[in-house]
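The report that follows is meant to be read with the sequence and the coordinates side by side. Its subject is how the parts of one protein chain are arranged and which residues link them.

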Amino acid sequence: MRCFKVAFFVLLLLALCVVPAAAEDMSESAIRQSGIYESAAALDNQTKEFLNDIGLGEITAESIYRLDFSNFVQTLLSALRVSLSENVRYLLVIIGAVFLAAFADAMGSGLNKGKHAQVFGICAVLLISITAVAPLSRMMAQAGTAVETAGSFSIAAIPVLCVVVAAQGKSISAAVVSGSALGISQVLSTLFSTFFLPLNHILLGVGISASIESTFGIEKIIALMRKYLLIGLSICALIYFTVLSVRCQISGAVDETTLKTIRFASSNFVPVIGSAVSDSAVAVAASLGVTKNAIGIFGLFSIIGIFLPLLCKVIIWLAGLELAAVVGDVFGMEQIQKSLKNLAAALSVLLVIIIFCMLIFLVNFGVLIQLRGAS
């Protein structure tokens, strides 16, 4: 009877000490407390508008689930239309200069062909160069800004994502990816402003000079520089992806071994509640996985939004220059065709560099998304 009274008294005390509690959506609160909103606030207005258009104005798991491919396609087409409307005037002037030079050459076809017979072609090349240099220079400057913005965003957002990955139990993998991502972001930002951007301006200037002075084969120098620049970028990408892949595989194996050891110890050596503790850790890791994926996918689309307007402009300019070069070839305007091809070559190098930088930033977020937590 006495034991019964003691047990009853203990249960009564427990009842008096009960505190009401309710489950909170851990993934949503973790996203807001992670600091990713502070990183998103530093993005430019154009990127924020892109994210709003595709439905990622709020960084939540629900917004990720509701992503619609049709919205992304419509946003892409809208960016192409905006870029076309901004640059169509320059392209029409260039194509018009080609037609004007062809007409002038046809009008003077009965004259004696001497040194002065090429005056119309030289004037057309100068007109094309004057028309194209200003927007192309602005495009190159915009490329530098895009790379710096992507680098700054990665430096701010990657540590946030790595903290979530580390909380899942992948601490070594998070440290490896964080160091690699932050390092490559700083390297790309520095290299683009100090090497790639000046190199593109040099290629642009050399290409225009080669068009005006046809006695020198300067376009061969452009082709050689372009060839080895592309080879160098390919080698750098291969080395970076290989090293990152190997380090992630090794660190992932170490993390997985550590997690399984901890689960085994808690399940077998912690009395009574060991199994519950182990299952709770798995549940928490799964919830953090939702948080990690939401932040990572937001990071991916943010990088796409940073580079998308620039890529649209470069593609439109390449198509316009190629079209004008075809027109010049049809009318036999070799000097004009050479000028347009040189401009397109310089722009194609810029496109390759932009795509290279964009892929590096995307891979950093993609690797962190692919890392799995405790299972």
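Two residues are said to be in contact, or to touch, when heavy atoms of one lie within 4.5 Å of heavy atoms of the other. With that cut-off, and not counting residues up to four places away in sequence, asparagine 87 touches Lys313 and Trp317. The model in which these contacts are found is a predicted one.

**Overall make-up**

The secondary structure of the protein comes to eleven helices and zero strands, and the pattern read along the sequence is accordingly α-α-α-α-α-α-α-α-α-α-α. Of the 375 residues in the protein, 44% are buried. The accessible surface comes to about 19700 Å², and carbon and sulfur atoms account for 69% of that area. Among contacts between residues at least 6 apart in sequence, 86% join residues that are at least 24 apart.

**Helix H6 and its link to H10**

Helix H6 takes in residues 69-107, and its 39 residues reach 53 Å from the first C-alpha to the last, close to the 57 Å expected at 1.5 Å a residue. The helix nevertheless bends by about 50° at asparagine 87. Asparagine 87 counts as buried because its relative accessible area is 7%, and the cut-off for that class is under 20%. In space, the C-alpha of asparagine 87 is 7.8 Å from that of tryptophan 317, although the two residues are 230 apart in sequence.

Which residue forms a salt bridge with glutamate 86? The partner is lysine 313, and the closest N and O atoms of the pair are 3.6 Å apart. This salt bridge links distant parts of the chain, since lysine 313 belongs to helix H10 and glutamate 86 to helix H6, with their positions 227 residues apart in sequence. The count of salt bridges comes to one. The two partners fall into separate classes of exposure: lysine 313 is buried, at 17% relative accessibility, whereas glutamate 86 is partly exposed, at 43%. Lysine 313 is also one of the residues that asparagine 87 touches.

Glutamine 74 is found in helix H6 as well, and at 51% relative accessibility glutamine 74 counts as exposed. Its C-alpha is separated by 8.9 Å from that of aspartate 53, which lies 21 residues away along the chain.

**A buried serine in H10**

Helix H10 spans residues 274-330 and contains serine 302. Is serine 302 buried or exposed? Serine 302 is buried, because its relative accessible area is 0%. Leaving out residues up to four places away in sequence, serine 302 touches Leu43, Thr47, Leu51 and Phe153.

**Helices H9 and H11**

Helix H9, residues 218-269, holds isoleucine 239, which is partly exposed at 49% relative accessibility. Isoleucine 239 is one of the members of a nonpolar surface patch of about 560 Å², made by Leu224, Tyr228, Ile231, Ile235, Ile239 and Val243. In an α-helix there are 3.6 residues a turn, so residues three or four places apart point the same way.

Phenylalanine 241 also has its place in H9 and, at 32% relative accessibility, counts as partly exposed. Apart from its neighbours within four places in sequence, phenylalanine 241 is in contact with Ile360 and Val363. The C-alpha of phenylalanine 241 is separated by 9.8 Å from that of asparagine 364, at 123 residues along the chain.

Helix H11 covers residues 334-370 and has 37 residues, with 52 Å from its first C-alpha to its last, close to the 54 Å expected at 1.5 Å a residue. H11 is mostly covered, as 29 of its 37 residues are buried.

**Exposure of selected residues**

The table gathers the exposure of residues discussed above.

| Residue | Relative accessible area | Class |
|---|---|---|
| Serine 302 | 0% | buried |
| Asparagine 87 | 7% | buried |
| Lysine 313 | 17% | buried |
| Phenylalanine 241 | 32% | partly exposed |
| Glutamate 86 | 43% | partly exposed |
| Isoleucine 239 | 49% | partly exposed |
| Glutamine 74 | 51% | exposed |

Conventions. Residues numbered from 1 in each chain as written. Predicted model: local features only at pLDDT ≥ 70, side-chain atom pairs only at ≥ 80, totals over all residues. Heavy atoms only, no water. Patch = residues over 30% accessible without salt bridge, like charges linked within 9 Å, V, L, I, M, F, W, Y side chains within 5 Å. Areas by Shrake-Rupley, 256 points an atom, 1.4 Å probe, with all protein chains shown as cover. Salt bridge = Lys/Arg side-chain N within 4 Å of Asp/Glu carboxyl O. Helix = DSSP H or I, 4+ residues; strand = E, 2+ residues; numbered from the N terminus. Buried < 20%, exposed > 50% of the residue type's maximum accessible area, 1.4 Å probe, protein only. Expected span 1.5 Å × (residues − 1). Bend = angle between axes of the 7 residues up to and from the residue.
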